[in-house]
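Grab a pencil and keep the viewer open. Here are some exercises to work through, each with a solution that goes step by step.

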Amino acid sequence: MADWHSLDEEEIFQELGTSPEGLSEEESEERLEELGRNEIDTGEEVHPLRIFIGQFTDFLIYLLILAALVSLGIGFFPGHEPEYVDATLIFLILIANGVFGFVQDYRAERAIEALKDLSSPDTTVLRDGEKKVVDSKEVVPGDIVFVDQGDAVPADARVLEGSNLETDESALTGESLQVSKGPGALEEDTPLAERSNMLYMNTTAVTGRGKAVIVETGMETEVGDIAEQITEAEDKETPFQEEVDELGRKIGYGIMAIIAVVAVVQLFFTSASWVSTLLVAITLAVAAVPEGLPAVVTLTLALGSKKMLEKNALVRRLPVVESLGSVDVIVTDKTGTLTEDRMTVRRLWFSGEEYEVTGTGTDTKGKFLKDGDEAGAEELRPLLETGYICNNVEESKEGYRGDPTEIAIEVVAEKGGVESSKERLREIPFSSDRKRMTTINQGESPTAYMKGAPDTVLERCDRVLIDGEVREMTEERKEEILDKVHGFAGDALRVLGFARKEVEDVEADADEIEKDMVFLGLQGMIDPPRDEVEDAVNDCRDAGIRVVMATGDNIETAKAVGEQVGFDPEGAMEGEEIEDMSDEELQEVVEDVEVFARVSPSHKVRILEALQANDNNVAMTGDGVNDAPALKNADVGISMGERGTDVAQQASDMVLQDDNFVTIRDAIAEGRGIFDNIRKFVNYLLSANAGEVLIVFFGIIIGSMMFPETFSTGKEALILTPVMLLWINLVTDGLPALALGTDPKSEGIMDRPPRGSDEAVINHRMMASIVGIGLIMTLTGLPLFFFHATTDLILAQTVLFTFLVVIEMVRIQTIRQRYGLSFFSNKWIAGSIGLSILLQAAVLYTPLNRFFEVVPISSSVILEVGVGFIAFLILNQAMIYLYDIFMGKEADTV
């Protein structure tokens, strides 16, 4: 991409092979065919079928598919029927999980689509020496285009002519003020936000008109460069997704090893048949795989996203709900995120006195304060009225329309009760060269009203209004005013000067009208911080979360706004400084700097990557096109719903519907609560699976060696059937696990530091808990089984089946109490336990028992189950006691 802003016009025409008369129709068609249409490349679309097939590429899924196929394959052995029930249930579970995951993934939208939709529908170009309206997608480099007020710029272009031309580039550069545009070459190292001779694709002409030559189109534009960065950004898995994938592989390899051991024991040391061995393999596979885990995780994240939506945080990628809990750095834009994105007059200077103005945005309620006391607006009328009259803002039911600076001036006048219907006789418009605007309005006599850059206005004033009297503008008074201007500017205020005088000849030369004016005063304005932001930033810091500002605005404005909301302005850095740093140097700097100014999209990505390289989990907020690459690369990308561009929203993981920084804090609190819930039900489900595997494993080994006649062939060789295990894993375990996902947040959840980036859901304590629970289940469950196995194997299986269901009902509260939650703090827990018990009773005492191959159990057998249950409770509490002694009592896993 050439440095178009630094070339002379002749060099540009030569480089582009064009002229001030533009291209011919034939030349434009040739370039269109050669270079392609002026649009953003959408990249390769992912077919829905590929998304659906992708749901079945997990290692555990492969294991279950194999188990289902083996269930059917048993029918090929002489004297055996295919296990249709087992296979059907497994396939139904796989399809249900696949459909559920597909629905969630298919809803994910591509950020690049929004960039394409932003294109302007048509553009006025010069072809064959005549103006012609064409589709903006047909614009090519070398085209001469015309831009008027309200037009979207079709592609990157170099300005040839400009008349009061100003553009809004906030979505691209982060600069909140409108940018004046005009012809002329600039220095090669001029930052993007200061290239006053360039127009950029998808920015808007707010005032004036201009003529420009197209220099880049499509993917070669600045917006195209951003689109390419978004495309190149990888869709990274969250740490939890990676952990679940790794868990699947470990379970898969582990169960294959266990199956191999059981097969060797059964085939070489017992009289068990091949069919018996295959059935055991199927049973072990079903026992080991937490079939309900994918659905429980997805539903918990979906419920969490619903909670966040109630707090105005719209989650676009479900796994990010959990990731929010580990965020330890927030990198935020300034304009529209920390600030109102509306210019507001905050300070006045009139008649030698300084006034503060309260209120923000377009709200006309506010006060004028002098030395902290309320002052009457009437005494400020000359200054306020001049701003009201010398103004082109339009008001309607929809609000104010016009230049943001002029809107601020009109609003402050209305705060002071100023109304004026003085007929405008003439306007001498503002331009970037003149730096001032003058109108002549009819009052008692024609009066000229001027506003503009303070030094420019002062040059045209020989008098000043003080205490209601017009006095001579002495050098001392001029110095006093300029000192005040510098003071305002030092506080990052944009300052305008105001003047007026009566005129005799309305049609006189502009220079004649605009000289010997009476200076009235100054108005200082800023895009102010949102009222609630300072508290929100402090709340985040109290929760151990650093907050860093990265804005395209100038450094003085960034420091001033940052200081108002609690940022440390010391060491504030500009984008140019980042360019001169190596990655290692930047990694060191980002740990200390809280304010970055004049940053480009690439700078934001480098800041993000430096923080991530330091093992930070980073949330990036933003609302403009320029924020999209960083949002896409962030651990959690957060865009604004009201002010955010479609591009930023589509590139983000979460959208703040109210643009309120406080919502981020609430979302992080919800994220931490959801992580707690995930940790609870992962422990709950995996400890049950561990118990099932160990029971089947040791049961088969013990049974095959001690009771070879009973454990030799067919289904009689099984401790628990696959159908029983599927019922436990999906229904009697699954329902309480789902209820765990709705648990409320623990008290003081935002008083904890963020979870470490390397802290796994399944940590050492949880792993010890899972293994310990599995062993206790085995020690208490197998004696119940073998007590009946030699006389009635079906009864033995029924007793063990029921025992496992019952002990899971108490396990759930044992986990929850570690988080300070009472049994009745979640109504869904009590409901799920009651429903699970009723469903188990239905399996035992209704015709369903034939389907599950179980028998009703008597009161004496129920008593036996109760004894085993008490033994389990005693051993479980002993384990908790030992854990508390050796590992501490922190709430997490038992």
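Before you start, one definition: a residue is buried when its relative accessible area is under 20%, exposed when that area is over 50%, and partly exposed in between. Also keep in mind that this is a predicted model.

**Exercise 1. Find out how confident the predictor is along the chain, and where to be careful.**

Step 1: Start with the whole chain. Its mean pLDDT is 82, and 86% of the residues reach 70 or more.

Step 2: Go through the elements, of which there are 32 helices and 28 strands. Strand β22 (residues 517-526) has the highest mean pLDDT, 96, while helix α6 (residues 111-117) has the lowest, 41.

Step 3: Look around that helix. Over residues 108-120, pLDDT stays under 50, and the model has 38 contacts there beyond four places in sequence. Where pLDDT is low, don't read the predicted coordinates in detail.

**Exercise 2. Sort Glu10 and Asn763 into buried, partly exposed or exposed, and place each one in the chain.**

Step 1: Take Glu10, which is found in helix α1 (residues 9-16). Its relative accessible area is 61%, so Glu10 is exposed.

Step 2: Take Asn763, in the loop between α27 (734-740) and α28 (764-789). With 19% relative accessibility, Asn763 counts as buried.

Step 3: Check a distance for each, C-alpha to C-alpha. Glu10 and Pro20 are 9.7 Å apart in space and ten residues apart in sequence. Asn763 and Arg679 are 9.7 Å apart in space too, but 84 residues apart in sequence.

Step 4: Zoom out to the chain. Buried residues make up 55% of its 894 residues. Of the contacts with a separation of 6 or more, 72% come from residues 24 or more positions apart.

**Exercise 3. Work out how the rings of two Phe pairs are arranged, and how accessible each ring's residue is.**

Step 1: Recall what you need. A pair of aromatic rings is described by the distance of the centres and the angle of the planes. A search of the whole structure turns up seven aromatic pairs.

Step 2: Try Phe697 and Phe698. Their centres are 5.1 Å apart and the planes make 70 degrees, an edge-to-face pair. Phe697 is buried at 17% relative accessibility, whereas Phe698 is partly exposed at 34%.

Step 3: Now do Phe851 and Phe852. Here the centres are 5.4 Å apart and the planes stand at 80 degrees, so this pair is edge-to-face. Phe851 is partly exposed, with a relative accessible area of 41%, and Phe852 is buried, with 6%.

Step 4: See who else joins in. Phe851 and Phe852 belong to one aromatic cluster with Trp727 and Phe801.

**Exercise 4. Trace how strands β1, β2 and β3 pair up.**

Step 1: Pair β1 (residues 122-127) with β2 (residues 130-135). They run antiparallel and are joined by six bridges. One example is Leu126, whose bridge partner in β2 is Lys131.

Step 2: Inspect the turn. The hairpin of β1 and β2 has two residues between the strands, and Asp128 takes a positive phi near 55 degrees there.

Step 3: Add β3 (residues 144-148). It runs antiparallel to β1, with three bridges between them. Thr124 has Phe146 as its bridge partner in β3.

Step 4: Look at the side chains. The charged end of Lys131 sits over the ring of Phe146, 4.3 Å from the ring centre. Elsewhere, the charged end of Arg541 sits over the ring of Phe567, at 5.0 Å from its centre.

**Exercise 5. Which strands stand at the edges of the eight-strand open sheet, and what packs on it?**

Step 1: Write down the order, β8-β28-β27-β26-β9-β23-β25-β24, and note that the pairing is mixed.

Step 2: Read off the ends. β8 (313-315) and β24 (573-574) are the edge strands; each has a single partner strand, so one side of each is left without a neighbour in the sheet.

Step 3: Pick a pair inside. β9 (residues 329-332) and β23 (residues 546-550) pair in the parallel sense over four bridges, and Thr332 has Met549 of β23 as its bridge partner.

Step 4: Finish with the helix. α19 (residues 555-564) packs on the sheet and touches β23, β24 and β25 (595-597). The directions of α19 and β25 make an angle of about 155 degrees.

How values were computed:
Residues are numbered from 1 along each chain as its sequence is written. Side-chain values use heavy atoms; hydrogens and water are left out. Rings of Phe, Tyr and Trp (its six-membered ring) pair if their centres lie within 6.5 Å; planes under 30 degrees apart count as stacked, over 60 as edge-to-face and the rest as tilted. Buried means under 20% relative accessible area, exposed over 50%, partly exposed in between (1.4 Å probe, protein chains only). A charge sits over a ring if NZ of Lys or CZ of Arg is within 6 Å of the ring centre and within 35 degrees of the ring normal. Two strands pair if DSSP finds at least two bridges between them. Contact means heavy atoms within 4.5 Å. Axes are lines fitted to C-alpha atoms, for helices over the stretch in contact, and angles run from 0 to 180 degrees between N-to-C directions. pLDDT is the predictor's confidence in each residue, from 0 to 100.
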